[in-house]
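Hi,

Here is the structure I promised to pass on. Have a look at it first, and then read my notes below.

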Amino acid sequence: MPKRKATISARECVACGCCVKVCPKSAITVPKGICAEVNKALCIGCGKCAKECPASIIKMEVTEP
Amino acid sequence: MKQQKKWYDYLWIASLTYLILGFFNILFAWLGLLCFFIPLLISIAKGNKAYCNKYCGRGQLFALAGGRFGLSRKKDIPKWMRSNYFRYGFLTFFFAMFFLMLWNTYLVFAGAKNLKMAVTLLWTFRVPWHWAYHGTWLSDGVAQFAFGFYSVMLTSTILGLITMVLFKPRSWCVYCPMGTMTQLICKARNVTLSQKIKK
Ligand code: SF4
Ligand code: SF4
Ligand code: SF4
C-alpha cells in the first residue's frame, strides 16, 4: 500500500500550531509563524495532525512516486 | 511515543485561574494584558507564533476540555469561518469593540461617565458584576478598564467554548483575533525580510 503523508494547504493555515503539539514524530514546524510545514521524511502518516487541525486543512495524501 | 511535557504545557492553569479570579476581584483583569502584549511582542520581535504554538493557555484549555474531556463534536469547521474574510472581519470587529471599550474607560477616567459595575457579554448582554469590586484607591477608570477587559476575555472564552463544542476543540484558534493578528504581523515581517534579502 502506498504511504500517505500529511499535506497542508498552506494558504488556509492559521499557524495555530495545534498540529505541532500532537505529532508523535515532531515532523511539523511553523517556521516564521505563517503556515505549518511537514517534514515528509519524518511523517509516518498517522493522521493525528489532520484530526486535530481546527481548520481541517491537513489532508492525508499519497506522495510517494 | 509521547512528546515530553514542558513547563509551558501547564499554562492552561494560569488561564483558568485568570477567569476565576475575575469572579472575586475584577482588578485581576488587568493581568489579561499579558496575553495581549506577549503574543504581539513575540511576533514583532521574533517573527513567529511561538505564543500560539507553545505558550497560549487558552488554546490549551480548549484542547483539554474538548479533547481530554470530550466536550467537542470534533466536526470540521464550516468553510466560511476559516475564510480570510471572516477572520479579518472578526479581527476588525473585535478591535472596533476594543477601542469602544477603551473610549468608555477614558470617559470614566475623565469623569464624564460613572463607573458601571457590569460585565458585558457578547457585546450585548450586561451582567451585574458588582460583587467582584471592592473599591480602589485609584481612579474609577482603573476599575472600568478591568470590567471592560474582563468582558472581552469572558466573551471570547464563551465564543471559544461554543465553537469548541460545535466543531473542533481549538476552533477558536481559527478566528482568534490575537492569532490572526500575530500571523499578519509574521507575514508582514517576512515580506519585508524577503525584500531586504532581494536587495
Ligand atoms: S500524519 Fe502523524 S507523523 Fe505525519 S505529520 Fe501528522 S501527526 Fe506527524
Ligand atoms: S493545526 Fe492546521 S491551521 Fe493549525 S498550524 Fe497546523 S495545519 Fe495550520
Ligand atoms: S490562536 Fe488565539 S487562542 Fe489559539 S493559541 Fe493563538 S492566541 Fe491562543
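Which elements of chain B each supply at least two residues of the lining of the second largest pocket? Bear in mind that this is a predicted model. The elements are α1 (11-24), α2 (34-46), α3, α4 (57-68), α7 (140-166), α8 and α9 (177-198). The biggest contributor is α1(B), which gives seven residues.

A bit more on that pocket. The second largest pocket holds about 650 Å³ of space, and 35 residues line it. Closest to its centre are B:Ser15, B:Cys35, B:Tyr51, B:Arg58 and B:Met153. By class, the lining has 26 nonpolar residues, eight polar ones and one charged.

Now the ligand there: the second largest pocket is the space taken by ligand 3. Two elements of chain B, α3 (50-55) and α8 (172-175), give two or more residues to the shell around ligand 3. The full set of residues around ligand 3 is B:Tyr51, B:Cys52, B:Cys56, B:Arg58, B:Arg170, B:Trp172, B:Cys173, B:Cys176 and B:Gly179. That shell divides into six nonpolar, one polar and two charged residues. B:Tyr51 and B:Arg58 turn up both in this shell and among the residues closest to the pocket centre.

While you are in chain B, look at B:Tyr18, which lies in helix α1 of chain B. B:Tyr18 counts as buried because its relative accessible area is 9%, and the cut-off for buried is under 20%. Its C-alpha atom is separated by 21 Å from that of B:Phe69, a residue 51 positions away along the chain.

Then over to chain A and the other two ligands. Ligand 2 is surrounded by 13 residues, the closest being A:Cys13, A:Cys16, A:Gly17, A:Cys19 and A:Cys53. Its shell has twelve nonpolar residues, one polar and no charged ones. Around ligand 1 you will find A:Ala6, A:Cys23, A:Pro24, A:Ile28, A:Cys43, A:Ile44, A:Gly45, A:Cys46, A:Gly47, A:Lys48, A:Cys49 and A:Met60. Here the split is nine nonpolar, two polar and one charged.

On confidence, chain A has a mean pLDDT of 86, with 94% of its residues at 70 or more. Within chain A, helix α1 (residues 18-22) has the highest confidence, at 91, and strand β1 (residues 4-8) the lowest, at a mean of 86. The usual caveat goes with this: where pLDDT is low, the predicted coordinates should not be read in detail.

Cheers

Definitions and conventions. Residues numbered from 1 in each chain as written. Chains lettered and ligands numbered in written order. Predicted model: local features only at pLDDT ≥ 70, side-chain atom pairs only at ≥ 80, totals over all residues. Heavy atoms only, no water. Near = heavy atom within 4 Å. 1 Å grid on protein atoms, 1.4 Å probe; cavity = no way out; pocket = protein on both sides within 12 Å on 5 of 7 lines; lining within 4 Å. Sits in = over half its atoms within 2 Å of the grid points. Helix = DSSP H or I, 4+ residues; strand = E, 2+ residues; numbered from the N terminus. Nonpolar A, V, L, I, M, F, W, Y, C, P; charged D, E, K, R; others polar. Points joined across faces, edges and corners; volume = space filled by probe spheres on them. pLDDT = per-residue confidence, 0-100. Buried < 20%, exposed > 50% of the residue type's maximum accessible area, 1.4 Å probe, protein only.
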